[in-house]
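Work through the following exercises with the structure open beside you, and try each task before reading its solution.

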Amino acid sequence: MKIFIPGGAGLVGLNLIYLLTKIHPEWEIIVVDKNKFSINIAKKLFKTVNFICEDLIYCTNSKWLGMIKNFDVCIMLQAEIGNKDPYQFEKNNVITTKNILEVISKSNINRLIHVSSSVVNSISDDLYTQTKLKQEDLIKKNWDKNLIILRPTLMFGWFDRKHLGWLQKFMNRFPLFPIPGKGNFIRQPLFVRDFCQIIHSCVVDHEIIGEFDITGLQRITYIKLMKIIRSTSKNYPIFINLPIPLFSFLLRAWAFITRRPAFTVSQLEALTAGDEFEVINWPEIFSVKPTDIDEAIRITYCNSIFSDIELPF
């Protein structure tokens, strides 16, 4: 099997590569990602995988164009989640998708697994949501072969540089930890290892076709989730509840200081919007045994090899 993974040097990509190389060491995998620092880390961890550091926005003279002609599957992961520059969402979520579709349509790839997001079903209306919707629409209109669309909720696990990974690192470094409001917002976090097993099933089981909303099975409040992470990490910062408007103001102030904030106002709005997503029986559909959230957090933050690896922004 030959697998092409655009945008594969992030949270999902590296966890997926870990799984695939462990189960199928004979498979050929090519990853294209523009993040040089993440690529360099990935090369040290997975020496049998071909990592190419190129920006998918450009097709002319790119190495990967001719290398994937005889590949079997494309697992599309590239995405812009948070950025102060609005154009980056259009560039990395939409234009790259057009480029990839154009190239793989001329290859032997006949199966496309697109990792979308639960935000397309959300009540939020930010640039991330808008461009992920456009991305899905592009794929549906322009890919007429085998197609699987997966829409995961908030994910966590090894190599998480944003989301829960960033919050856990914040806990490790500061004695105070701010909580927006009372923190009673419902979360449905998805363990990335479970999600990667779902992707693996999509690769090997050609009977699986269609669109699937992949939601974490356990409903948990944000404050309880933070308490589990704090306890597992054995760091005990004091939680401070801040009014949401003040929390939002502080995020805006931080955005002026840093080039790429790990947590943005739009993400705060998504957190507090009150979204709850439909849960399908994905363990049965994809033959995956789900991991209990306490165990998943323990695996994430207590592994002697992967827990301390930090991917740059």
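**Exercise 1.** Which residues does Asn93 touch, not counting residues up to four places away in sequence?

*Solution.* Begin by noting that this is a predicted model, and then locate the residue, since Asn93 is found in helix 4. Next, list its partners: Asn93 touches Gln78, Ala79 and Glu80, together with Gln88, and it also touches Tyr128, Thr131, Lys132 and Gln135. Of these partners, Thr131 stands 38 residues from Asn93 along the chain, and the C-alpha atoms of the two are separated by 6.0 Å. Finally, consider exposure: the relative accessible area of Asn93 is 0%, so Asn93 is buried, because buried means under 20%.

**Exercise 2.** Find which residues of helix 5 are buried and what they pack against, and check the span of the helix.

*Solution.* First compare the expected and the modelled span: helix 5 (residues 127–142) has 16 residues, which at 1.5 Å a residue should span 22 Å, and its end C-alpha atoms are 22 Å apart, so the two agree. Then pick out the buried residues, which are Tyr128, Thr129, Thr131, Lys132, Gln135, Glu136, Leu138 and Ile139. These buried residues pack against strand 4 (73–76), helix 4 (86–104), strand 5 (111–115) and strand 6 (146–152). One residue of strand 5 is His114, which is buried with a relative accessible area of 0%. Leaving aside neighbours within four places in sequence, His114 is in contact with Lys132, Gln135, Glu136 and Ile139, and also with Met76, Ile148, Ile149 and Leu150.

**Exercise 3.** Describe how helix 1 and helix 7 pack, giving angle, distance and handedness.

*Solution.* Two packed helices are described by the angle between their axes and the distance between the axes. For helix 1 (residues 11–23) and helix 7 (residues 192–204), the angle is about 60 degrees and the axes are 9 Å apart. The two helices are therefore oblique to each other, and helix 1 passes helix 7 in a right-handed crossing. On the side of helix 1, the contact is made by Leu11, Val12, Asn15, Leu16, Leu19, Leu20 and Ile23, while helix 7 supplies Val192, Phe195, Cys196, Gln197, Ile199 and His200. Sorted by character, the residues of this contact between helix 1 and helix 7 comprise 10 nonpolar, 3 polar and no charged.

Methods:
Residues numbered from 1 in each chain as written. Predicted model: local features only at pLDDT ≥ 70, side-chain atom pairs only at ≥ 80, totals over all residues. Heavy atoms only, no water. Helix = DSSP H or I, 4+ residues; strand = E, 2+ residues; numbered from the N terminus. Expected span 1.5 Å × (residues − 1). Buried < 20%, exposed > 50% of the residue type's maximum accessible area, 1.4 Å probe, protein only. Contact = heavy atoms within 4.5 Å. Axes fitted to C-alpha atoms, helices over the stretch in contact; angles between N-to-C directions. Parallel < 35°, antiparallel > 145°, perpendicular 65-115°, else oblique. Left-handed = near helix turned anticlockwise from the far one by under 90°. Nonpolar A, V, L, I, M, F, W, Y, C, P; charged D, E, K, R; others polar.
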